[in-house]
Amino acid sequence: MPKDKKTIRKASNGEIIAQVAAIPFRLDDRGELEVMLVTSRGTRRFIVPKGWPMKGKSERQAALIEAREEAGVRGKALKKPAGSYCYWKRLSTSFVHVVVTAYLVEVSEELEAWQEAGARQRAWLKPADAAVLIDEPELATLIRSLSVADITPPVEAMAEAVS
């Protein structure tokens, strides 16, 4: 069954439609947080890499795969989700309400060529600037609220790791 029909059927039955997203990040030369946005293939709006859960993969693993395929980045996904947001996904004949769990991905490598390079553009931005470019209000709020504290382990956890 095509993905759209299956998704519409699930939504009609009251099931939550879930996706996973990656929010690629890095620290600039001054130690300030930057996030990467990519353009969508259809409307060319700025978004974060996201997709459907993948059979046999954890949400974190799926987020890493989406980051590589859609943004051309490799890295490490933080264990705890950065948060979640909802949006209305356009399908072939209707819209469905989707709940997205977002993971921060610490970028260790930017690929020059990647699976969707010809279909997308990417941009590194400060969270406040990125939030202005995003159409989904809940995602914009999530990204605007990100700070270096979200990517830095608490002092207690670091002390436990050392001892």
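Me: How far apart should the ends of helix α2 be, and how far apart are they?
Reply: Helix α2 has 13 residues, 59-71, so at 1.5 Å a residue it should span 18 Å (1.5 Å times one less than its number of residues); its end C-alpha atoms are 17 Å apart, which agrees. Helices (H or I, at least four residues) and strands (E, at least two) are DSSP runs, numbered from the N terminus.

Me: Where does this model come from?
Reply: It is predicted, so local features need pLDDT of at least 70 and side-chain atom pairs count only at 80 or more, while totals for chains, interfaces and linings use all residues. Residues are numbered from 1 along each chain as its sequence is written, and side-chain values use heavy atoms, without hydrogens and water.

Me: Which residues of α2 are buried?
Reply: A62, A63, I65, E66, A67, E70 and A71 (under 20% relative accessible area, 1.4 Å probe, protein chains only; exposed is over 50%, partly exposed in between). Just after the helix, G72 has a positive phi of about 65°.

Me: What is V48 in contact with?
Reply: Beyond neighbours within four places in sequence, its contacts (heavy atoms within 4.5 Å) include I23, E70, Y85 and I143.

Me: New topic. Which strands are joined to β1 by bridges?
Reply: β1 runs parallel to β7, with nine bridges, and antiparallel to β4, with two. Three bridges join β1 to β2, also antiparallel. Strands pair if DSSP finds at least two bridges between them.

Me: What sits between β1 and β2?
Reply: Five residues, in a hairpin; G31 in the turn has a positive phi of about 80°.
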